[in-house]
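Let's take a walk through the open and closed spaces of this protein. Have a look at the model first, then read on.

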Amino acid sequence: MLLTFLFIFSRSIVVGLDYGHENIKISIAHLGKGVNVAFNQQNKRLTKSYFALWNTTNPNQDVRTNHLSMFEIRTHSWAFNEDAYRHYLKYPQNVFKSLTNISSDYNGLMRREAYAIILHHLFKTMDSGIHEPISTQVVFAVDPDMPRKDRYMLHEIVKMSGANLKEIVDSPSAAAHLYAIEKSSLYKNSPKTVVFVDVGAEKTWMSLFTFKTTPGNPVVRQLSLISNISIGGNLIDQRLSTYLLQKFAEKNNYDISDFSERVKLRFLDESREIKERLSLHTSVDVKIEDILIEKHHSIEENSQIRTEDLESRDMSGNIEKIEQTFECTIERNELDNLIADFNDTLSQAYIKLVDDANLLRDDIDSVELIGGSTRVPYIQDILLEVSGIGKLNRTMNSDEAIALGAGYIGASKSAEFVTTKKVKIDPFCNTNIHLVHNGKRVDLFNKTNRLDDSNFYEYKSCDNSEISIMADNPPTEVIKFKVNLPKTAQGNVTIHVDFGFDEFTLPGIFNINLNKRSTRDIEFISPKWSMTKSNYNRSVAFIKRMDDVTEERRQTQVAYSDFERYLYQAKDRLAKETAIHQVTTKAERINLSVAIQKDLKWLINGTHKMPLTARIIKSRMQLLQKKMEDVELKASELPKREPAFQALLSKIQEVCKALNETWPIERPWMPEKAINDMKTAVDHAQNYYHIYREQQGNRTDTEMPGVLAADIERQTYYLEMSYNFTLRTTKNPPTPKPPKTPNPYVKTYSTVEEFERDAEKQRERDLFGL
């Protein structure tokens, strides 16, 4: 158990997540490699934040209100990201995007379940799919105005996805953290005041920070924050789309009410690209093809139309379907006119931001742009004019700055990334928090309080009852609690409760004292909107089942693609490959072609008693492969067999020449055993060659081969190895005997007389005990 825990811990990663309205951006902190943007399954840096769920047999089915059952999972299909976006263009009712309305339901699912499924899929497929959700530590960057109720639900969502939520940070704090790390040289010598502007899809926020360097780490302080929902990239897209639809309608004498939802979505999608192009060019040529217009006609109108003209209409003849192309040229000033009202709104927001920080316009050192819509030249012109600054900066990666900042925050607070620079950042809590106790309201925090701030509430034990912590506007209950008093407590005991914010920017209780003595005996009551334990377990099981079905369908799709590719390749080979024609008869080719055609019909157009699975497809593929096995073997062996025989014969001749001609002259000293072993190896190879050459010569190409080219090559290899080994035999000169080393403990004598004289002296010593 301990080993498993250590293994998982050692493989854990830190992920920074920016869940935008249109795109999700992810960063990963790699040990020793810093923080980098993660690529998704399609090897892209931006991932569409779309999810689609629909009835497989009827995608146009009305949105359901009751929850899907476990058994209904197989009757439904779902898609993520790019695939879901393509589905959205056809069936928008089946799709949702962005991190909104978290507490609501969606087409048979709780949105919390849908978000958990999206995150689970994202964590499994990012970075080439080498990570698992269980080893993922997530730092979630959110909109600064996200309600605390939704932040609480984020914790449930990430937990259901299988990952671990490490921290929730506001987007401005993430951007400022990245700036503090990557642009430290800009404020190294003197403090800097920087405004960050993010024109997102649904809203715009601006935040003002000061940056300075201390002997320890960078210190960042948030001075003001402004949000505005009347400025956003989607609003620009919507206005441009409506403008293009009006031009298209005027050009073709249509009414905008004639356009289906699908046509409107098509124009909206094209408008996003046109907006991006207008950011680079003063005018762009627009061409939208295959616009499907459905014109409704009355019965009286149909009676006046020729029969052949009704072919473009539906079965009733009341709806005429026409495909058209729209072409025009759009100037940049036309887009500027569409968003002219942004001037006052954006200018007033900037002025208020600076005023709230008690600064002057000239006190601002830099304006940093974040978000794709800040590339619109008109928005940049507004900011340049109102700020009075010489140049707007995009020194950070504007699309991924928030995700990267969240990744750095996670890395700085992880024990595995001890070298990551720590940044002391002091942001606003940006919410109003109060208590409701016995019908009385007690204010704790307001929007200008800091996340590091704390507050307390005291009351007497005689007033002890449930206390609700309320957040945001309108107030929403975040949690309810009650302090459990010991039985010996008197009515005059003072209960002191300290409040603050946790790592998820949620209000919480840090300490409780009873007459200055700490206690932990407290009872929490979850709000009605939070998930009960049984609901949570049911949702986790449901997500697990959907994940299993997703994997089954992926395997089925892989098996389907493999079988389809094999069928077409086999069909093509039977028709065109010369080798197959040589090794098969016409009857064999006809039978195989019929089998292939039958399998193609079964795979693509067949009706199946039960849904296709990877096991069923692989089983059918194996049956066909068995029929093709002999043909493929004969075809593959035909071009390889003769060269293999020739290579063996050439090696036999080379060795025979060496034995009979070369070695007697150049190597007369060769040991007899080595020569005999070599002759044995040659004899074996010659016998093998003659036997199997004759055996194969008696067979036709349509018969199974008597010997495989690989076997012949193996014989050649063995003979070559024996030959090379024998060649390494060298003429060994006599080995000289090493000189004897005198033993220091043994006395040597040069003559017998000397030995006898020494022996006599030893006997005398032994006799007289000397």
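Sorted by class, the second largest pocket is lined by 14 nonpolar, 17 polar and 9 charged residues. Here Ala, Val, Leu, Ile, Met, Phe, Trp, Tyr, Cys and Pro count as nonpolar, Asp, Glu, Lys and Arg as charged, and the others, Gly among them, as polar. Keep in mind that this is a predicted model, where local features need pLDDT of at least 70, side-chain atom pairs count only at pLDDT 80 or more, and totals for chains, interfaces and linings use all residues. Residues are numbered from 1 along each chain as its sequence is written, and side-chain values use heavy atoms, leaving out hydrogens and water.

A pocket is an open set of points on a 1 Å grid over the protein atoms alone, with protein on both sides within 12 Å along at least five of seven lines; a cavity is a set where a 1.4 Å probe fits but cannot get out, and lining residues have an atom within 4 Å of a point.

So who sits around that pocket? Of its 40 lining residues, T550, E551, E552, R553 and R554 lie nearest the centre. Helix 13 gives the largest share, 13 residues (helices are DSSP runs of H or I, at least four residues, numbered from the N terminus).

Now for the closed spaces: there are 4 cavities of 30 Å³ or more. The largest has about 60 Å³, a volume being the space filled by probe spheres set on the points, which are joined across faces, edges and corners. Its lining includes W54, H76 and N107.

Notes
Helices (H or I, at least four residues) and strands (E, at least two) are DSSP runs, numbered from the N terminus.
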